[in-house]
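Work through the exercises below with the sequence and the structure open. Each task is followed by a solution in steps.

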Amino acid sequence: MIGKSPRSVAGQVFLLQVALVVLLVLCAVLALVLQSRRDTTTEARRRSVAVAETFAHAPGLQQALALPDPSAVLQPLTEAARKAAGVDFIVVMDTHGIRYTHPMPSRIGERFVGNIAPSLAGKVYTESVHGPLGHEVQATAPVEDTRGKVIALVSAGLKVRHVTSELDRQLPIILGAGAGALAVSTGGTALVGRRLRRQTHSLAPDEMTRMYEHHDTVLHSVREGVLIVGPDGRLLLVNDEARRLLELPADSEGRTVRELPALEPATVELLASGREASDEVHFAKGRLLAVNQRPTDRAGGPGGTVVTLRDSTELQAVSGRAEAARERLELLYDAGLCIGSSLDVVRTADELTRVAVPRFADFVTVDLADAVLHGDEPAPARDIMPAARDMRRVAVSGIRDDHPLYEEGRLIDFLPSTPQARGYGAGRSELVTDLSAADGWRAQDPERTRQILDYGIHSLIAAPIQARGVVLGMANFWRAKREAFDAEELSLADELVARAAVSIDNARRYTREHALAVTLQRSLLPRALPEQSALDVAYRYLPAQSGVSGDWFDVIPLPGGRVALAVGDVVGHGLHAAATMGRLRTAVHNFSTLDLPPDELLHHVDDLVGRIDQDEADANRTGEIVGATCLYAIYDPVTRHCVMARAGHLAPALVHPDGSVVFPDLPGGPPLGLGGMPFRTAELELAEGSQLVLYTDGLVEDRARDLDEGLEMLRRALAGHPERSPEESCRAVLEELLPERPKDDVALLVARTRALPPGQVADWDVPRDPAAVSRMRGAVSDRLEEWGLSELGFGMELVLSELITNAIRYGSDPVHVRLIRDRTLICEVADGSSTSPHLRYAATTDEGGRGLFLVSQLAERWGTRYTPHGKVIWAELTLPDLSGLLDD
């Protein structure tokens with residue numbers, strides 16, 4: 001590799017890196033060898049000191065030294081300790097250095113080779129000497145008696161050649177690791193060099209210097225902008241001229257062209273597309289640029305494009321009118337994009353002011369007839385001339401906020417002499433090039449106009465906002481910091497206002513339709529909840545942002561103290577959905593008077609929706625085919641049973657008295673209008689104080705979350721607060737699930753159950769014997785006297801006699817009587833037959849037929865409802881003192 005390109009930058013860098021790697025590896029190996037030698041020697045000294053001190057303090061050593069022949073006892077002990085400790089010798093000597101022990105017995109009795117003076121002074125001394133065993137590393141420790149006097153010495157040590165052998169065993173590992181590190185480092189260096197050679201194209205240093213000099217010349221000297229854009233649209237290179245022409249920031253290199261705010265959209269589109277371009281003219285920062293673009297991968301180079309820019313601004317001197325026309329078209333184009341983004345009159349007027357400032361005017365105000373804000377058309381011009389009255393300033397925008405123009409929201413009456421009144425009446429724009437000379441304008445408000453002139457505002461265009469031949473208001477364009485308006489700019493103001501007028505008129509008509517729909521819907525929803533004792537109910541209804549829909553709810557008192565709850569949703573928005581909702585709510589009310597079970601009631605409503613679909617099935621009105629859902633529940637406070645059924649609707653939430661929340665397993669049914677499938681009911685026994693929560697899908701469904709997440713949020717909002725009232729529950733649910741105005745209608749109904757105390761209910765089984773009628777009258781009279789309602793005894797006895805007599809005569813077993821004291825006194829007579837009595841007017845000569853007529857005269861209400869086991873005939877009598885009942 002070095003031989004192939006010895007002069008290249010890559011080759012030189014490779015050689016330098018290899019030399020550095022070899023030097024570093026050699027230094028590391030040398031350091032490891034020295035460190036290993038030092039560690040081995042240190043370990044030998046440490047072991048010698050440890051063995052010498054240990055033996056010097058060994059138990060029995062002093063007793064052995066006191067014997068007549070210490071060597072006989074100590075020699076075998078030292079040899080055993082030497083072998084166990086892994087040292088080459090342990091020598092015990094007296095204070096004169098005469099040995100008692102030695103690995104070589106012939107040396108016993110001779111003088112110890114080494115310095116014993118430090119040890120006689122009580123210190124442990126290590127040294128390296130040439131002794132009987134050769135070159136040795138030894139440590140000498142004193143043996144002291146109980147008074148601290150040195151009575152003998154112990155020396156232990158190792159041969160130096162044994163220490164060196166430990167180092168020799170480590171050298172292959174150290175050298176092998178160094179060789180491996182050298183190989184890995186050299187291989188990595190070779191890879192780096194190879195990559196560097198590819199990137200530098202094997203150029204020599206002088207060649208690279210010359211290339212970068214040329215590069216700098218292009219970047220800083222040529223008077224033509226140069227850009228290089230990568231295949232991912234990222235800006236790789238920008239020269240000084242391109243940076244100046246496009247006014248790019250200093251950190252533009254490395255960013256994608258779409259992230260550069262200084263570029264015009266057309267230029268961004270060209271640079272990001274990568275297509276070829278030849279002398280395309282682009283407008284950028286007040287300059288006309290001729291742009292050329294070519295791909296860079298034609299000769300096998302990297303992907304991307306190279307772009308050259310040439311300033312052609314000199315052409316503007318020749319094409320000034322074209323530039324003005326371009327700016328005018330650009331303003332109108334932006335107005336078409338920005339104005340009318342919503343169906344709100346005020347917001348549309350504000351968008352007009354923001355588009356025109358500061359590109360066309362320094363200040364812009366919009367005044368609309370006050371009726372327009374409410375969705376109505378303004379009065380014809382002939383009714384308001386010679387002045388423009390009841391004009392509401394709805395939008396003000398300017399280059400500064402301290403202007404003296406009339407503030408937003410002010411109601412203004414323009415005098416006939418003002419340009420606004422003339423333009424409003426004639427339906428054409430008024431140009432005032434010098435406001436200081438316009439006496440008619442100054443007469444409107446002399447003090448205010450003086451402040452306007454002193455502020456520097458000098459020119460005005462008052463353009464009527466006109467749509468479908470009706471003038472809705474005036475747009476006023478004011479100038480202070482530039483030259484006065486001219487006649488050519490008057491036509492531009494007309495075009496600008498004409499674009500906004502259509503949007504304002506659409507918003508006005510939408511406001512009217514929306515107000516009508518909201519009024520209709522609110523008139524069809526319950527205005528107040530009916531009085532009843534079975535449930536404590538609270539509700540919320542929130543219309544959608546985009547208008548009204550078909551969500552509805554209802555609370556319907558039923559005979560026997562029962563209450564029906566209904567929640568429904570009609571597909572779609574607008575007047576048609578609201579009207580359909582009213583028809584369905586009315587149908588549910590009507591069917592509930594028949595006291596039908598929930599499944600039968602939904603079946604009848606389903607038939608009604610099917611007929612509505614058939615009546616409105618029209619190829620030109622396919623959007624008005626009805627689709628609806630409904631949930632209908634009946635709660636009985638006597639039995640605490642709740643029977644419910646649903647048609648395509650979400651199951652309710654049930655909050656138990658302990659604060660836990662469940663969603664009952666309510667059988668699902670098809671949405672209303674499909675037909676052909678039965679509805680099924682579910683019956684729940686609810687503890688007193690339970691809360692039943694009915695709602696529409698707008699509460700839990702949203703584009704930002706799925707249905708399961710919404711139901712879980714509803715469960716969390718309801719759980720853990722058994723003491724909370726239904727009103728508080730409604731508030732908590734809406735705060736948790738709908739912090740802002742919903743995108744779909746929301747109906748929410750929270751009902752806390754109450755139970756009728758057993759003392760307010762009395763029931764009896766009646767045998768089918770005419771004699772039982774008198775006994776029942778007596779029993780009922782006694783119970784009424786207990787309840788303090790004896791004054792109702794005569795009427796109730798008569799009603800009860802007629803109903804029981806009919807059940808015994810025309811009905812079948814079993815016959816059952818139930819008396820309920822609620823807001824009214826309710827009498828129910830049930831039997832096993834399904835035949836229903838009918839009220840008729842008996843002739844003078846008829847012997848019978850007057851029973852039910854008497855019942856209808858004595859009772860406030862009466863009727864019949866059917867059960868799975870027969871029927872119930874009921875009658876209600878008004879209580880004489882309702883407050884006393886409620887106190888009980």
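**Exercise 1. Strand pairing**

How many bridges join β16 to strand β25, and in which direction do the two strands run?

Solution. The model is a predicted one.
- Step 1: Locate β25 at residues 746-753; 8 bridges join this strand to β16, and the pair runs antiparallel.
- Step 2: Pick one bridge: tyrosine 539 has leucine 749 in β25 as its partner.
- Step 3: Place the pair in its sheet, an open one of 5 strands in the order β16-β25-β24-β21-β22, with antiparallel pairing.
- Step 4: Find the edges, which are β16 (535-542) and β22 (661-662), since each pairs on one side only.

**Exercise 2. The largest nonpolar core**

Find which residues touch the most other members of the largest nonpolar core, and which strand gives the most to this core.

Solution.
- Step 1: The core has 51 residues, and Leu565 and Tyr632 touch the most other members.
- Step 2: Strand β19 (residues 628-636) gives the most, with 7 residues.
- Step 3: Leaving out residues up to four places away in sequence, the contacts of tyrosine 632 include Leu558, Leu565, Val588, Pro598 and Met644.
- Step 4: Keep this core apart from a second, separate one of 46 residues, which includes Ala349, Ala361, Leu472 and Leu496.

**Exercise 3. A surface patch**

Is leucine 67 buried or partly exposed?

Solution.
- Step 1: Leucine 67 lies in the loop between α2 (61-65) and α3 (70-85).
- Step 2: Its relative accessible area is 39%, so leucine 67 is partly exposed.
- Step 3: Together with Val73 and Leu77, Leu67 makes a nonpolar surface patch of about 230 Å².

Terms used: Residues are numbered from 1 along each chain as its sequence is written. This is a predicted model: local features need pLDDT of at least 70, side-chain atom pairs count only at pLDDT 80 or more; totals for chains, interfaces and linings use all residues. Side-chain values use heavy atoms; hydrogens and water are left out. A nonpolar core is a set of buried Ala, Val, Leu, Ile, Met, Phe, Trp, Tyr and Cys residues joined through side-chain atoms within 4.5 Å. Buried means under 20% relative accessible area, exposed over 50%, partly exposed in between (1.4 Å probe, protein chains only). Helices (H or I, at least four residues) and strands (E, at least two) are DSSP runs, numbered from the N terminus. Contact means heavy atoms within 4.5 Å. Patches are made of residues with over 30% relative accessible area and no salt bridge: like charges are joined within 9 Å, nonpolar side chains (Val, Leu, Ile, Met, Phe, Trp, Tyr) within 5 Å. Accessible areas come from the Shrake-Rupley method with a 1.4 Å probe; for residues, only the protein chains shown count as cover. A salt bridge is a side-chain nitrogen of Lys or Arg within 4 Å of a carboxyl oxygen of Asp or Glu. Two strands pair if DSSP finds at least two bridges between them.
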